[in-house]
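Work through the two exercises below with the sequence and the model side by side, following each solution step by step.

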Amino acid sequence: MDDRRLLVGVVSAPAVADRLRAPDVTGLVTVTDSPWPAALVVSGVEDPRADVVVDGPGRVDAVWSERIAPFARRFAGIDPPPRTPPVLEDHDPRLPVVARRLLDRLRAHLAEPSWSYEHIGSTAVPGLRAKRFVDLQLGVTALPDPDGLDRALAALGFRAAEGARPDSPGVTHDWHTDPEVPAELYRKTALRPTRPGGDRDPARAAARQPVAPADDRLPRPAARRPGRAESVRGRETPCGRSARRRRRLRRLHPR
């Protein structure tokens, strides 16, 4: 399937799934009857997996026009997401709930139990004013295949980040195409393999410790200026050469 198509999963509402398929004349959306993999999950009843709950027939058209259609156009690269100045807002207790839902979705789809899945940043701190961006972090035990990871994350609505992010260095993928709840995904590689010979192997770690040169561990003699006829590092100084020439001239031409 084309990874530019937005996957929308519908649970507990077959009629809603049918109605969401009807207005898609652009071919940018694929509506399934499974909650994942999906970039957006819609439900007809309260469900912890759902991003949107459709509580009436009239809500289907509003969900399509307000969230799914804009999300699909941004995800496909037709409409770029708006770039607005960062604004600090009061803490929204719904954002940690969104973060947990996205992390559960990532954990289930990526199926990497050795990785860590974390909600980080200002929105993870209760009571702290923050930008309305949910920051998520994947802690990987080894660098994954970039193309494979991009395809897996695209199924969940994450696009590879483009351009410089002076205010968010380290972002690898964006979910900010969803107009309701922007999200950014980071990847850290601080978690390393612990196999023998790996980066946490004690022998290799000790071998990498810098060792000071032997002469740096001994007290240095006080520096002094060399004498007139002394040499520096095995080479004769100009003063030494002049003194030798004077002695030679005195032998050749005694007074």
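Strands (E, at least two residues) and helices (H or I, at least four) are DSSP runs numbered from the N terminus, and two strands pair if DSSP finds at least two bridges between them. The model is predicted, so that local features need pLDDT of at least 70 and side-chain atom pairs pLDDT 80 or more, while totals for chains, interfaces and linings use all residues. Residues are numbered from 1 along each chain as its sequence is written, and side-chain values use heavy atoms, leaving out hydrogens and water.

**Exercise 1.** Find the order of the strands in the open sheet, and say which strands stand at its edges.

*Solution.* Begin with strand 1 (residues 6–11), which pairs with strand 2 (residues 29–32) in the parallel sense over four bridges. Along this pair, V8 stands opposite V31 in strand 2, and the bridge partner of L7 is T30. Next, place all four strands, which form an open sheet in the order 2-1-3-4 with parallel pairing. Strand 2 and strand 4 (52–53) each have a single partner strand, so they stand at the edges with one side lacking a neighbour in the sheet.

**Exercise 2.** Determine which strands helix 2 touches and what angle its direction makes with that of strand 1.

*Solution.* Taking contact as heavy atoms within 4.5 Å, helix 2 (residues 57–75) packs on the sheet and touches strand 1, strand 2, strand 3 (40–43) and strand 4. With axes fitted to C-alpha atoms, for helices over the stretch in contact, and angles running from 0 to 180 degrees between N-to-C directions, the angle with strand 1 is about 150°.
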